Amino acid sequence: MTMLVHLKLNFIVLCVFTLYLLLPFTQSTDVKYCGQTDEYAVKVQGVEILPDPVVRGKPATFNISASTGQAISSGKVVIEVYYFGVRVHTETHDLCEKLSCPVSAGNFVLSHTQTLPGITPPGSYNLKMTIKDDHNQKLSCISFNFKIVFGSLVSAS
C-alpha cells in the first residue's frame, strides 16, 4: 500500500511540475524610474508582458498601466532596448497613435505590440521607455527587464 501511495504522490508532483512548465503565466515585472529624484507627471503602476518570456519570431505585447494628474494633448513615446548594456534598438511613436488623445487625467494603459525577428538572440534584455509631451518635456521614464527565448513548448491555437 505504501508503494502505491508513493507512486501516486510522484505522479501528482510530476503533473503539477509539467503544468507549471507548459502553461503560459503572467509574472509581475519590476519597473524602475530612470531618475530616482525626478517627479514625473505620469506615474507607472506596472508592466505586463505577454507572453512572458517573449518568444522570438512571435508577437509580444507590453501593457504599461499608468496614471496622470493632468490631461496630455500630445507627445511621443521613445523605446530603447538594451542587450548586455548595449542599445540594440530604438523607436519613436506618436503618443496619440498609442492612446486616444487628449489623454484625460486618471488611469490609462499604454500598449505596444511587436514581433521580434526570428534571429533575435535569446537572453535578458532591458527596455527603457520615455514619454514626452509636445514640448519635449519628460512626462515619465521607466526601465524594466524582460527575457527572450527560442520558442514555446505549447503552440497557440
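This passage describes the strands, core, ring pairs, salt bridges and backbone exceptions of a predicted model.

The strand arrangement is taken up first. Strands of a sheet pair through backbone hydrogen bonds, in either a parallel or an antiparallel sense. Here, an open sheet of 3 strands follows the order β2-β4-β7, and its pairing is antiparallel. β2 and β7 occupy the edges. Each has a single partner strand, so one side of each is left without a neighbour in the sheet. From one strand to the next, the twist averages 20°.

Strand β4 covers residues 59-68. Of its 10 residues, 8 are buried, so the strand is mostly covered by the criterion of under 20% relative accessible area. β4 is joined to strand β2 (residues 42-50) by 8 bridges, and the two run antiparallel. Within this pairing, G46 has S65 of β4 as its bridge partner. L50 stands opposite T61 in β4. β4 also pairs with strand β7 (residues 106-115), again in the antiparallel sense, over 10 bridges. There, T68 stands opposite G106 of β7.

The nonpolar interior comes next. The largest nonpolar core contains 29 residues. M129 and F146 have the most contacts inside this core. At least two core residues come from each of β2, β4, β5, β7, β8 and β9 (138-149). β9 gives the most, with 5 residues. Leaving aside residues up to four places away in sequence, F146 touches I49, V54, F62, V81, G123, S124, Y125, N126 and L127.

F146 also takes part in the aromatic arrangement. The structure holds 6 aromatic pairs. In one of them, the ring centres of Y83 and F84 lie 4.6 Å apart. Their planes meet at 65°, so the pair is edge-to-face. Ring pairs link F62, Y83, F84, Y125, F144 and F146 into a cluster. F62 and Y125, both members of this cluster, are also among the residues that F146 touches. F84 is exposed, at a relative accessible area of 71%.

Charged side chains form a further set of links. Side chains of opposite charge can pair when their charged atoms come close. The structure holds 3 salt bridges. One of them joins the side chains of K43 and E39, at 3.3 Å from N to O. K43 is partly exposed, with 32% relative accessibility. E39 is exposed, at 69%.

E80 takes part in two salt-bridge contacts, with R87 and with K128. The N to O distance is 2.8 Å for E80 and R87. For K128 and E80, the N to O distance is 3.9 Å. K128 lies in strand β8 (residues 123-133) and E80 in strand β5 (residues 75-83), so this pair ties together parts that are 48 residues apart in sequence. Through shared partners, salt bridges join E80, R87 and K128 into one network. Exposure varies within the network. E80 counts as buried, at 9% relative accessibility. R87 is partly exposed at 49%. K128 is partly exposed as well, with a relative accessible area of 26%.

Backbone exceptions complete the description. Most residues other than glycine have a negative phi, and most peptide bonds are trans. Two cis peptide bonds precede prolines. The bond from L50 to P51 is cis, with omega near -10°. P51 is found in the loop between β2 and β3 (54-55). The bond from C101 to P102 is also cis, with omega near 0°. P102 sits in the loop between α2 (95-98) and β7.

Positive phi values occur at F84 and N136, neither of which is a glycine. F84 has a phi of about 55°. This residue is found in the loop between β5 and β6 (86-94). It also belongs to the aromatic cluster. N136 has a phi of about 65°. N136 lies in the loop between β8 and β9. At 43% relative accessibility, N136 counts as partly exposed.

How values were computed. Residues numbered from 1 in each chain as written. Predicted model: local features only at pLDDT ≥ 70, side-chain atom pairs only at ≥ 80, totals over all residues. Heavy atoms only, no water. Buried < 20%, exposed > 50% of the residue type's maximum accessible area, 1.4 Å probe, protein only. Helix = DSSP H or I, 4+ residues; strand = E, 2+ residues; numbered from the N terminus. Pairing = 2+ DSSP bridges. Phe/Tyr/Trp six-rings, centres within 6.5 Å; stacked < 30°, edge-to-face > 60°. Axes fitted to C-alpha atoms, helices over the stretch in contact; angles between N-to-C directions. Salt bridge = Lys/Arg side-chain N within 4 Å of Asp/Glu carboxyl O. Core = buried A, V, L, I, M, F, W, Y, C linked by side-chain atoms within 4.5 Å. Contact = heavy atoms within 4.5 Å.
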